[in-house]
Amino acid sequence: MQSIRQAANFFLLITLALIFIAPIALMIMGSLKPDALVLPESGTLKAFLPDSVTFDNYKDVFSRINFGRFMFNSLFITTMIVTAGIIVNAFAAYAFARLRWPGRDLIFSIIPALMIIPIEAIAVPLFYQVTLCGWRDTYFVQIIPFIANAFSVYLFYTFFIGFPRELEDAARIDGAGACRIFLQIVVPNAKPVFATVAVLTFLTQWGAFLWPLMVTSGEAVRPLPVAVAAFHTLPPLQWGDILAFGVMMVAPILAVFLVFQKWFVRGVVSTGIKG
Amino acid sequence: MATVDFHRVNKIYPNGAHAVRDLSLSIMDGELVVLVGPSGCGKSTILRMLAGLEEISRGEVLINGSRINLLSPQERNVAMVFQNYALYPHMSVRDNLEFPLKMMKTAKAEQRRRVEQVAEFLKLTEFLDLKPRHLSGGQSQRVAMGRALVRDPSVLLLDEPLSNLDAELRLQIRGEIAAIQRRTRQTTLYVTHDQVEAMTLGDRVAVLRDGVLQQASAPQELYQQPVNMFVAGFIGSPGMNIFPTIVRAAQDGRISINFGSRKLLVEPPREPAGFNQLRRYVNVPIYAGVRPEDFTCSDSVSEKNRVQIKVKAAETLGHETIIYFTLPILHTETSVPQGADRFRPDLIDTASGVSEMALRRPSSQRVETGSILTIGLETSKMYFFRPDGTTIT
């Protein structure tokens with residue numbers, strides 16, 4: 001009886017796993033097939049088991065558009081947001097969690113409210129603002145508005161508020177000032193939360209579409225999500241190429257996740273967030 | 001080497017909580033003073049004010065005669081050992097020990113020399129390259145001590161340093177701390193809630209209650225001459241038994257007191273300390289106290305001072321047995337002194353009308369729960385307290 005139940009469980013789980021993996025597998029396999037076969041075979045088992053493997057689609061992507069440029073743009077913008085965001089938000093959260101200053105509690109009470117406002121809601125006024133500043137079509141405009149992030153501040157805050165105060169007290173008595181305590185005592189012990197914020201910021205910003213579409217016009221500073229939309233409408237419609245584009249666009253996310261996975265999981269556990 | 005003076009020190013938190021009231025206390029050079037009291041009595045706050053981790057709301061703290069109220073922790077040159085050791089988890093033992101020296105910008109060679117010296121002194125040399133998570137509780141404790149001693153502070157502060165250790169290790173480390181302090185003659189302020197720790201370690205013990213210093217004396221004096229009911233009940237394990245009583249004077253001038261429903265005769269040579277003062281409280285409800293070990297065998301006192309009790313519980317500790325019993329409070333005869341039960345509400349339960357009592361017996365006699373025991377009361381060893389809780393002497 002028990003083994004039947006176990007078998008049923010496994011069956012269910014494997015089916016679910018296959019359903020979730022299927023689109024990704026389809027994308028990877030499709031990108032490796034001759035373009036002409038992608039669509040006709042997509043309804044058959046051959047969608048997952050190609051007869052022949054070719055990298056022509058990848059070459060196509062590079063020859064049809066300036067893929068390297070878009071990739072660089074995306075990497076540059078996202079890396080800048082992640083790096084600057086980690087610094088700014090961690091400092092802000094530490095100030096909320098540990099320093100005493102007038103207005104702290106009032107300002108902190110606004111943070112959760114800021115978390116629930118989506119970019120779509122403020123896109124238009126923000127657009128006016130950056131137009132007035134003359135920032136359109138720059139890297140700047142894609143980076144600056146996303147550095148300070150209420151959700152990141154909140155994640156850091158929950159970690160810092162639970163950080164053992166005795167360690168900070170000990171460092172103070174040993175003669176360290178607030179900045180040194182933060183950088184030499186708190187930060188080295190906060191790797192999980194830094195990894196969590198880095199991964200989450202990277203994921204959201206890597207897929208950013210609406211804002212870059214609004215504020216950029218040429219390909220000079222456009223990131224991958226806008227490029228893939230344009231590529232999709234670029235005749236002739238070649239599914240193999242689009243899938244190859246997709247694979248190359250997802251690869252950096254996987255890389256980031258694999259690098260930070262160990263800390264990320266610990267961070268998710270310690271800050272109590274769920275995916 | 002340093003002296004420490006607290007002069008009418010107060011701590012008032014922004015929410016109005018008055019954590020420490022008018023504390024005046026002087027610590028001599030090389031002395032180990034233990035602050036002891038129940039949790040929330042302000043003892044850690046005092047330590048933190050001395051360390052510079054808490055602001056001093058009112059009053060002055062002096063180290064070597066100079067006012068340190070506004071100095072940073074580092075400028076005060078105090079070192080502290082925390083309850084959870086507070087070792088920096090990402091640093092090796094060596095880096096932990098070096099950290100305070102680095103902050104003081106000590107020369108590299110000197111850093112090395114002092115770290116190695118302290119490590120040898122505390123038998124930590126073989127652990128220098130380990131991270132704190134690889135250390136046992138006792139080793140972590142020694143590293144924490146080392147980090148405090150390495151900079152040769154003027155005052156060493158210890159905040160419940162043993163409370164995270166198991167019983168056996170606690171005893172061992174307690175001995176080590178005492179030995180280290182004796183060797184270094186470091187002026188030390190030690191905070192604990194454990195009165196046994198306080199009594200065994202302190203040159204002097206300062207008992208605190210609700211932010212007010214009750215008494216600061218040598219352990220033996222604290223035990224034998226408590227200034228009030230709180231100190232009497234707090235020191236000792238179990239603490240002094242306290243019960244409401246009333247003093248009666250017979251026509252011939254002899255004095256008797258109540259022990260529950262029994263009248264005990266106070267006659268020479270069995271007068272307690274403050275016997276003459278006691279006469280001033282005739283017919284006034286007051287408190288009496290007797291230490292668990294001061295109940296004697298029944299045959300060593302006159303028949304009038306023998307009492308039968310019913311054993312409520314007995315704890316056998318090997319060399320001795322602690323016997324618990326209750327003593328009825330006679331509302332008809334004695335009204336409980338107004339407001340004084342705030343001193344030890346756990347000891348005097350006016351609602352249930354009994355005082356909880358404990359007595360100590362050698363384990364040679366077997367005692368069953370529920371059995372009746374005859375005990376003797378030596379009135380010369382009893383204490384008496386005014387309705388406000390202060391000792392009648």
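In this predicted model, helix α3 of chain B packs against helix α5 (residues 137-149) of chain B at an angle of about 30°, and their axes lie 8 Å apart. Angles under 35 degrees count as roughly parallel, and α3(B) and α5(B) are therefore roughly parallel to each other. Their crossing is right-handed. From α3(B), the contact draws on Val93(B), Asn96(B), Leu97(B) and Pro100(B), while α5(B) contributes Val143(B), Gly146(B) and Arg147(B). By character, the residues of this contact comprise four nonpolar, two polar and one charged.

Helix α3 (93-103) also belongs to the side of chain B that touches chain A, where α2 (73-76), β6 (78-81) and α3 of chain B each give two or more residues. The contact between the chains involves 17 residues from chain B and 13 residues from chain A. On the side of chain B that touches chain A, 14 residues are nonpolar and three are polar, with no charged residue.

Within chain A, helix α10 (residues 178-186) holds the buried residues Ile181(A), Phe182(A), Ile185(A) and Val186(A). Viewed down the axis of α10(A), these buried residues fall within an arc of 115°, so they line one face of the helix. A general property of helices is relevant here: an α-helix has 3.6 residues a turn, so residues three or four places apart point the same way. The buried residues of α10(A) pack against three helices of chain A, namely α4 (67-98), α8 (150-161) and α9 (165-174). On the other side of α10(A), by contrast, Cys179(A) and Leu183(A) are exposed.

Conventions: Residues numbered from 1 in each chain as written. Chains lettered and ligands numbered in written order. Predicted model: local features only at pLDDT ≥ 70, side-chain atom pairs only at ≥ 80, totals over all residues. Contact = placed C-beta atoms within 7 Å. Helix = DSSP H or I, 4+ residues; strand = E, 2+ residues; numbered from the N terminus. Nonpolar A, V, L, I, M, F, W, Y, C, P; charged D, E, K, R; others polar. Buried ≥ 20, exposed ≤ 12 C-beta atoms within 10 Å, placed from the backbone. Arc of directions from axis to C-beta. Axes fitted to C-alpha atoms, helices over the stretch in contact; angles between N-to-C directions. Parallel < 35°, antiparallel > 145°, perpendicular 65-115°, else oblique. Left-handed = near helix turned anticlockwise from the far one by under 90°.
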